[in-house]
Amino acid sequence: MPYPHINPVFFEFGPLQFRWYGLMYLIGLTAAYFLIRRKAAAKGLSLTSDQIYDMVVFAAFGVFIGGRLGYTLFYNFSYYIEHPLKIFAVWEGGMSFHGGLIGTTIALVWFSKRRNLPVYTIADLAASVTPIGLGLGRLGNFINGELYGRPTDVDWCMVFPTGGPACRHPSQLYEAALEGVVLFTVLWLIDRRPTPPGTVFWSFITGYGISRLIVELFREPDQHMGFVLGPITMGQMLSAPMVLVGIFMLVWGYHKAGMKTVQRQPIQQ
């Protein structure tokens, strides 16, 4: 299947360039704002439009700062320790989802504490819409021709501009489907049912971890890193704990909810 060769820059104005990848982030954040407003209203949560806007802004800063620092620590620490000023050269690329997740979590906990809002309420709202940004971001990776898959002979393989002559898995599209469409649908179905606080958030953590573990089987490891432990990639090393912690916290959340239900039941004489 031929690679479509979409120009990563969709609009130029003098020296300014507007890229599809950045536009995907903007669309994702905008969609998150309106969906959170709708979800908050449907659930009867006392969140104002200004509070939701601030929440999205806090999350955006967490994504960009955490994502960049995560990339420098997890994927190219030796280079950035020798060239520390390059950490700020975000236009050269290099973002880590796992770093962005940590940064966003810290930012939203801080936001919740400052606004005196329940942490899990905010976490569940944010997690329920995050797959939209993830899916769009992977489409941006596909347009940029980056983070492509391993060589293969499947009928839908593609030759990427920077991937050499080998025909490769379009792993960005696999990620867009799993981390975006599938994960969003699963969280939407979970969110429709009464669940303990934090269920949507920990379901997102678990679901993303599983999705990433699967996709890493088809994705080409970073050239400067390769495999970090036998056939295991850095993405798998960082995602496996997400699945374990996520499952544990889901079980613990339902266990606590069950204990509270038992304690509220009247004692029969």
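In helix α6, the buried residues (under 20% relative accessible area with a 1.4 Å probe, protein chains only) are Ser 171, Gln 172, Tyr 174, Glu 175, Ala 176, Glu 179, Gly 180, Leu 183, Leu 187 and Asp 191. The model is predicted: local features need pLDDT of at least 70 and side-chain atom pairs count only at pLDDT 80 or more, while totals for chains, interfaces and linings use all residues. Residues are numbered from 1 along each chain as its sequence is written, and side-chain values use heavy atoms, with hydrogens and water left out.

Helix α6 (residues 171–191; helices are DSSP runs of H or I, at least four residues, numbered from the N terminus) has 21 residues. From first C-alpha to last, α6 reaches 28 Å, close to the 30 Å expected at 1.5 Å a residue (1.5 Å times one less than the number of residues). A kink of about 30 degrees is centred on Leu 183, the bend being the angle between axes fitted to the seven residues ending there and the seven starting there. The buried residues of α6 pack against α1, α5 and α7.

Of the 17 residues of α7, 14 are buried, so this helix is largely enclosed by the rest of the structure.

The largest nonpolar core (buried Ala, Val, Leu, Ile, Met, Phe, Trp, Tyr and Cys residues joined through side-chain atoms within 4.5 Å) has 18 residues. Two or more residues each come from α1, α2, α4 and α5, and α2 gives the largest share, 5 residues. Leaving aside neighbours within four places in sequence, Ile 36 is in contact (heavy atoms within 4.5 Å) with Ile 52, Met 55, Val 56, Leu 125 and Val 129. A second, separate core of 15 residues includes Leu 187, Phe 204, Ile 205 and Met 242.

Technical notes: Buried < 20%, exposed > 50% of the residue type's maximum accessible area, 1.4 Å probe, protein only.
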